[in-house]
Amino acid sequence: MKRVVITGMGWVTPMGQDIETVWRRLLAGESGIDFTTLFDAATFPTTISAEVKDFDFSAHVARSADHGGAGRNTQFALAACAQAWRSAGLGEAKLDLDRVGMYLAGGEGELDFDAYTNAALSAWSVESNSVDTVKWATVAMQRMSAVRELEQEPNMALSHLALLSGARGPAFNCLTACAASTQAIGEATQILRRGDADVMIGGGTHSMIHPFGVTGFNRLTALSTANGDPPRASRPFDAQRGGFVLGEGAGIVILETLDHAKARGATILAEVAGYGSTADAFRITDQHPEGEGAIGAMRAALADARLTSADIHYVNAHGTGTRENDGNETTAIKHVLGERAKECPVSSIKSMMGHLIAAAGAVELITCVLAIRDNMLPPTVNLQHADPECDLDYVPNKARAARVDTALSNSFGFGGQNDSIIVRRYLGE
Amino acid sequence: MSTMRRVVVTGIGVICPIGIGSAAFWENLVGGKIGVRRISAFDPSGFPSQIAGEVPAYKIGDYVPKSYRKATKVMARDIELAVVAADDAFKDAGLKSKAYTETPDFDGKRFGCNIGAGLISVDLNELTVALHSARNGDQLDLRKWGGEGMTQLTPLWLLKYLPNMLACHVTIIHQLKGPSNTITCADASSHLAIGEAFRTIQRGDADLAVCGGAESKVQPMGLMRQCLLNRVSTKHNETPESAVRPFDVDATGTAVGEGAGLFILEEFEHAKRRGAKIYAELAGFGATQDTYNVSQPSPTGDSYGRAISLALIDANLPPASVDLLVPCGLGIASHDRAELNGLTTVFGGGLSRIPLFPLKSRTGNLAAGSGVDAAAAVLSLHHNKIPAALNTGKIIGGLSLNNAAEARDAAINIAVSSVYSLGGQNAALVFRKPAKEAS
């Protein structure tokens with residue numbers, strides 16, 4: 001089985017749009033959460049979010065005209081991929097593009113909101129209490145555009161990445177809710193290990209900060225409604241946590257077989273050591289209360305990496321800030337790490353960046369690689385009130401220097417999707 | 001690699017326009033049935049294309065355990081289709097899951113689930129009745145919506161439409177706790193999901209998997225998108241049965257469809273131990289990406305052809321060994337031409353000798369539910385019979401294809417099912433008759 005390493009990284013996040021700026025801000029405990037400006041959310045239960053600010057697509061992607069119709073999440077993915085591609089030095093590399101694949105967790109694109117609501121409302125028949133589809137079709141044909149509709153398909157970010165990179169190898173998009181990009185990077189690793197590609201572009205991209213996205217999460221009562229003080233709203237593991245804060249963005253990594261990376265003299269940032277994936281098979285709305293699936297995923301990742309819990313120096317938690325997740329995840333981590341659980345630092349960058357949904361796992365994996373590089377742990381901010389359910393070392397409020405050779409990142413999705421991935425310092429052969 | 005675990009198909013689950021259940025599907029396939037008709041789910045007369053491959057009426061409650069009936073309220077149609085096909089697949093495989101017994105005959109932790117899905121459209125009536133309460137003329141008043149309006153929607157509204165809910169409901173109903181994933185690559189979703197499940201079992205991370213995909217585009221938004229993209233035929237509203245004409249000179253576009261096709265894949269020794277019926281060995285998988293355009297396949301079809309070549313190499317089989325090809329065959333002239341170019345790069349002059357069965361004339365385009373295409377390939381191999389390639393008469397480009405207007409008997413040892421997506425993802429699966437020692 002081939003070893004797999006990370007040789008490039010890029011991200012577009014609510015805290016910045018390049019690796020070093022965001023990392024610096026994470027270590028400083030800053031926040032990317034503010035009042036929502038992408039639409040008028042004034043009367044919504046939640047009026048705050050973590051938006052990507054001042055995004056200039058053409059500043060990231062030289063041939064931006066090639067991607068004319070690209071939606072917001074696709075543009076994020078392209079920008080993050082351009083960074084990752086550059087940082088991996090692939091621009092100068094001689095690549096067999098048939099051996100370059102992609103595994104993305106691209107979310108669905110945003111609805112063409114005005115056209116959609118206008119068509120629906122003008123075709124609503126009060127008498128029949130239903131949409132008059134004949135009238136709807138007429139309005140929709142006029143108001144909707146082929147490109148905007150196509151770009152909502154969840155595979156479109158992937159398809160645009162192919163145009164950007166020229167990658168012609170195996171290409172997948174997966175969408176397992178909040179677990180998706182950890183899963184994408186894990187599965188990309190499996191493709192490389194098996195020898196089906198030399199290089200894989202892996203990661204995720206998502207933007208759900210739009211009226212129906214926020215509606216969906218508000219109806220589920222999953223979002224924080226602590227609108228008064230946005231930077232304080234996301235409170236993973238804190239006793240006063242009240243839900244997650246919706247974010248948006250993309251994280252992309254360049255994964256490569258060790259052989260290929262060495263042959264071209266690439267700088268190796270970290271090695272992907274192990275990956276595990278399970279299903280709770282419990283409920284569509286709730287996680288398994290004893291964290292059964294989460295425990296299974298972490299254990300599978302450890303077994304895959306041939307490591308024991310004693311080898312884990314840092315856990316980047318899923319840590320959403322919902323009452324349910326943080327307690328269950330704590331239980332699960334304690335199960336897996338046993339006696340060591342209280343000594344092993346665990347933190348959630350969602351406290352600062354919000355929850356990037358399908359892109360969350362990718363930006364959190366990148367965070368793990370940076371933690372290993374600099375031996376620095378990003379904090380969990382807003383941790384002020386102890387919750388007896390959450391009694392681990394969450395690196396509260398201040399970044400901390402610590403030896404980090406091996407880090408585990410968790411991602412759990414609605415519907416009981418659990419994925420864990422382990423990265424470690426590359427120390428040669 | 002000689003130590004590689006082998007993977008076989010031991011169950012087939014289908015719900016599609018020509019049958020609910022893989023047995024009915026096969027019977028109607030051989031019987032020459034076409035499921036493309038005028039749409040009955042809603043009044044389509046305002047749409048340029050008014051036809052679809054619509055699934056016959058069913059009651060979702062009949063396909064889930066009694067205790068799970070309440071949960072069917074939060075299932076979009078795409079989810080229902082996956083749940084029905086999964087029920088069919090488990091029964092066909094003779095696997096007693098938690099849906100049927102308190103004491104399942106397999107280890108749920110070793111059972112994976114890879115179900116491909118599409119962009120699930122929100123139910124227009126359900127949403128619009130809520131929007132109506134917050135309207136300002138023909139526009140939505142966001143202030144009203146954010147306050148009272150949205151509360152008209154059921155709290156679980158979002159969960160009806162998340163693509164991973166297909167797999168989530170199936171894993172809950174059947175208590176499958178192994179690796180689970182949701183591939184969303186449009187028309188290639190099913191094949192990619194099956195390919196990924198194949199690898200998961202090969203490398204030992206699971207012994208079984210339910211895999212494939214499901215989608216419905218038979219709703220206003222799904223149909224509208226295909227109309228706007230000029231992919232669907234507008235010339236056959238009065239003659240729906242002859243609308244979808246794969247590779248035919250008179251092709252005028254495809255038809256939207258709906259359905260689900262799922263396999264039970266199983267590690268070979270595991271299947272033998274429990275005396276399972278083995279339909280076929282899944283012998284090879286290949287996947288590639290086109291880099292031509294996000295909405296059109298490359299006219300050369302080269303990346304599509306490369307997926308098939310990779311799958312054959314993976315199966316360690318030469319192109320000439322293929323006894324049956326179930327191609328994508330959308331019935332969109334420019335696409336079909338590109339596909340034939342791609343097939344020619346793989347099979348060369350031999351293409352005219354390989355029996356070809358394009359399914360879509362019967363069902364329309366099932367998109368992420370194109371696991372049904374793969375099911376057609378496996379059932380043909382199993383029954384040694386090739387269904388009729390209806391509506392494919394005079395072939396574009398003056399090519400001669402080995403298609404027939406009547407079902408025919410044929411010894412099929414190797415069958416290939418290949419697809420490409422709107423977006424350029426290509427995938428191919430190679431199935432082989434189980435070796436004598438296998439049965």
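**Exercise 1. In what order do the ten strands of the open sheet in chain A run, and which strands stand at its edges?**

Solution. Keep in mind that this is a predicted model. Start with the order, which reads β7-β4-β8-β9-β1-β10-β16-β15-β11-β12, with mixed pairing. Now look at the two ends: β7 (171-173) and β12 (346-347) of chain A each have a single partner strand, so one side of each is left without a neighbour in the sheet.

**Exercise 2. Work out how β1 and β9 of chain A pair, then find what packs on the sheet.**

Solution. Begin with strand β1 (residues 4-12) of chain A, which pairs with strand β9 (residues 248-257) of chain A in the antiparallel sense, over eight bridges. To anchor the register, take A:V5, whose bridge partner in β9(A) is A:E256. Then turn to helix α12 (residues 323-337) of chain A: this helix packs on the sheet and touches β11 (314-316), β12 and β15 (406-413) of chain A. The direction of helix α12 makes about 140° with that of β15(A).

**Exercise 3. Describe the interface of chain B and chain A, from its extent to its chemistry.**

Solution. First, the extent: 88 residues of chain B are in contact with 85 residues of chain A. Together the two chains bury about 7,300 Å², 64% of it on carbon and sulfur atoms.

Next, the polar side. There are eight salt bridges between the chains; one of them joins A:D98 to B:R306, and 3.7 Å separates the closest N and O atoms, inside the 4 Å cut-off. The interface also has 33 residue pairs in polar contact (both at pLDDT 80 or more).

Finally, see who contributes on chain B. Helix α3 (residues 124-132) of chain B gives the largest share of the side touching chain A, with seven residues. That side of chain B divides into 44 nonpolar, 28 polar and 16 charged residues.

Methods
Residues are numbered from 1 along each chain as its sequence is written. Chains are lettered from A and ligands numbered from 1 in the order in which they are written. This is a predicted model: local features need pLDDT of at least 70, side-chain atom pairs count only at pLDDT 80 or more; totals for chains, interfaces and linings use all residues. Side-chain values use heavy atoms; hydrogens and water are left out. Contact means heavy atoms within 4.5 Å. Buried area is the accessible area (1.4 Å probe) that two parts lose on being put together, summed over both. A salt bridge is a side-chain nitrogen of Lys or Arg within 4 Å of a carboxyl oxygen of Asp or Glu. A polar contact is a pair of N or O atoms within 3.5 Å; within protein, one must be able to donate a hydrogen and the other to accept it, and residues adjacent in sequence count only if both atoms are side-chain atoms. Helices (H or I, at least four residues) and strands (E, at least two) are DSSP runs, numbered from the N terminus. Ala, Val, Leu, Ile, Met, Phe, Trp, Tyr, Cys and Pro count as nonpolar, Asp, Glu, Lys and Arg as charged, and the others, Gly among them, as polar. Two strands pair if DSSP finds at least two bridges between them. Axes are lines fitted to C-alpha atoms, for helices over the stretch in contact, and angles run from 0 to 180 degrees between N-to-C directions.
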